[in-house]
Amino acid sequence: MDDKQFEKRMELLKKSYDRIEPQLDPEAVFGQIEAENTMQQAEESNTTQKPPSKWQKPAVWIASIASVLLLGVLVSSYVINPSTFVQTTEQEQKQKQKQEQEYDEWLSNFTKKYQEKREQMRKELDIPEKEFSEISLIQNADNEVYSLPKRKEMFLEIQSVNNDFFKGLETDILDDLQTPRELIQYIETYEDLMTFEESYYFYSIYSYRAEDIALYYSNKLAQYEKVLSQKPTSFPADLNQLIASANNQYLELRYNGESFEFKPNAVFGKDAPEYMDRLHPDVLGYFKYLATGSLLIGGELRYSIEDSTTILRLYEQTLLADNADEYNDNFNVLKGEFENTWLAIFKGTETNPIRTKTGQYKSEYMDLLAKIANGDYGEAMRETAQLILDEIKITGQSKTLEQLTTYDIWMGILHLRNDIFMQTQDGTTSIAIDDNWIEQTKLLYNSYVETRDDTMIDTLNPINIVSLFLYAHGVGDRDIAQRLLTDAVDINTVVQFDGMESFTALHEIGDSSLNIRATVKSAAHGVIGQQLSFKLTTVATENGGTRYLISAINN
């Protein structure tokens with residue numbers, strides 16, 4: 001169950017709770033929640049094979065929360081209406097004692113199962129008990145088991161309306177003790193290609209487990225720091241055993257530029273199982289990041305440009321496919337890696353500058369730009385590379401490169417997602433003003449409103465300046481709109497339109513990026529006219545740079 005499914009379940013629970021009458025029939029309410037949960041599960045089920053029961057674990061705790069809420073209502077009902085309280089009969093008391101005895105027996109048997117599975121996991125990982133019990137995922141599992149006696153009354157209530165509750169609870173907790181190897185082997189049970197959602201959900205479960213175990217093994221490497229730089233044939237026996245145990249979990253020994261560590265690499269490693277190709281290809285960017293870690297260290301590329309751009313192609317494929325984007329922490333990490341690494345490639349680094357000592361662009365850098373523009377390293381950066389390449393060829397310099405930011409890198413992904421770029425007959429660039437473009441402009445606007453930092457404006461190209469103006473003026477923010485104009489333009493002479501949605505596209509006029517035309521929707525022609533034309537100019541900034549501002553607006 002993912003976060004959205006969990007939220008849907010909680011909303012369902014809330015609706016059930018809200019419908020509870022003051023005079024409560026417990027069996028009816030439990031039956032109602034059970035029926036609605038069953039209906040919800042049916043809606044969420046797929047025709048494809050389901051992930052392990054561990055992946056539905058939040059359902060157990062939803063049921064637990066339901067019980068707590070319902071018991072609270074029961075108690076409140078008795079307090080408010082004492083006349084409705086009925087003494088527990090002797091028969092009911094015996095039944096309750098029988099249930100508690102059965103729970104104690106179940107708990108005793110389950111604890112034995114848990115300890116057996118726990119010891120099996122410990123032996124497979126080859127970790128001493130004291131250190132094993134300090135690993136966070138083991139601590140979490142142990143705490144769940146230790147808390148079971150305290151939850152007897154609540155769990156008995158749930159079991160009374162769900163005969164499979166204890167069975168599911170056992171499976172959920174025991175699944176906490178699956179090793180990374182066991183999780184990976186689960187992929188083999190899929191006969192066909194997994195969906196992106198299934199593949200990503202598997203990644204979210206597997207990565208947590210694998211990283212926790214990899215951290216333990218990596219911490220053990222500190223004592224072998226001196227010998228790790230030598231040939232493997234000279235490694236001591238205990239280090240070889242540590243490496244073998246890690247490799248058995250598909251964890252590979254790597255040097256991260258500062259120290260040695262183990263990284264999970266069940267997809268791209270030399271010993272990766274063949275059945276890993278059943279994962280959806282669009283999710284492989286996540287697994288690649290899990291295996292390599294950051295591509296930058298101290299602002300420098302950890303790998304060659306060729307290797308880095310090859311990895312970035314996987315990241316691009318995943319960023320294009322994953323629509324969870326800003327709501328997904330893993331997505332945001334990958335997005336940051338993509339933006340920062342590409343920016344380092346375009347602008348160069350201290351140890352790998354893009355210019356010669358005389359200030360000329362290096363020939364190998366020009367070759368790199370040509371490859372990027374040709375699509376050798378993905379699609380997202382083609383337009384940017386081509387623009388930089390053309391500017392350098394004409395003037396020997398590139399304003400686009402000087403002003404390039406991570407925001408511009410991200411726009412390359414958004415353009416691919418929504419096919420925003422359009423080609424006009426004269427070869428200039430146009431951009432469709434759709435919901436996504438408006439949303440991105442809104443994010444830019446909100447950031448500017450919050451910081452009032454004009455250096456943000458310094459990084460924007462003419463189309464983005466016009467977009468920001470249209471948004472600000474469309475929402476009635478005259479202050480921000482005025483900041484984007486030179487003193488030659490009177491904001492009072494600009495027609496007040498009803499939102500950026502009044503426009504359909506932005507076009508560079510002819511071959512000049514300093515003249516932008518905004519096409520107006522037909523419904524707004526009577527207010528705005530068929531188009532607004534913007535002329536832009538560059539002005540000096542206090543720090544010695546330049547920025548674009550709008551110097552004229554015409555219908």
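## A tour of charged and aromatic contacts

Begin by selecting E90 and K94, which form a salt bridge whose closest N and O atoms are 3.7 Å apart. The model on screen is a predicted one, and the distances and areas in this tour should be read with that in mind. Both residues sit in helix α4 (residues 90–125), and because they are four residues apart there, about one helical turn separates them. If you colour by accessibility, E90 comes out as exposed at 60% relative accessibility, and K94 is likewise exposed, with a relative accessible area of 52%.

Next select K130 and E134, where another salt bridge brings the closest N and O atoms to 3.2 Å from each other. Here K130 counts as exposed at 61% relative accessibility, whereas E134, at 49%, counts as partly exposed, since the exposed class requires over 50%.

Move on to E379 and R382, whose side chains meet in a salt bridge at 3.1 Å, N to O. E379 is partly exposed with a relative accessible area of 38%, and R382 is partly exposed too, with 30%. To see a linked arrangement, select R452, D454, D479 and R483, which are joined in a network of salt bridges. The count for the model comes to 18 salt bridges.

Now turn to the aromatic rings, for which the count comes to 25 pairs. Select F165 and F166, a tilted pair with 5.8 Å from centre to centre and 50° between the planes. F165 is buried at 4% relative accessibility, and F166 is buried with a relative accessible area of 11%. Then select F331 and W410, an edge-to-face pair with 6.0 Å between centres and 85° between planes. This pair links distant parts of the chain, with F331 in helix α15 (residues 329–347) and W410 in helix α19 (residues 406–418), 79 residues apart. F331 is buried with a relative accessible area of 0%, as is W410 with 4%.

Return to F165 and F166 and extend the selection to Y103, W106, F110, Y114 and F155, since ring pairs link these seven residues into a cluster.

Finish on the surface by selecting D435, E439, D498 and E501, which gather in a patch of negative charge. Within that patch, E501 lies in the loop between α23 (478–483) and β7 (503–509), and its relative accessible area of 44% makes E501 partly exposed.

Definitions and conventions
Residues numbered from 1 in each chain as written. Predicted model: local features only at pLDDT ≥ 70, side-chain atom pairs only at ≥ 80, totals over all residues. Heavy atoms only, no water. Patch = residues over 30% accessible without salt bridge, like charges linked within 9 Å, V, L, I, M, F, W, Y side chains within 5 Å. Areas by Shrake-Rupley, 256 points an atom, 1.4 Å probe, with all protein chains shown as cover. Salt bridge = Lys/Arg side-chain N within 4 Å of Asp/Glu carboxyl O. Lys, Arg positive; Asp, Glu negative; His and termini not counted. Charge placed at Lys NZ, Arg CZ, Asp CG, Glu CD. Helix = DSSP H or I, 4+ residues; strand = E, 2+ residues; numbered from the N terminus. Buried < 20%, exposed > 50% of the residue type's maximum accessible area, 1.4 Å probe, protein only. Phe/Tyr/Trp six-rings, centres within 6.5 Å; stacked < 30°, edge-to-face > 60°.
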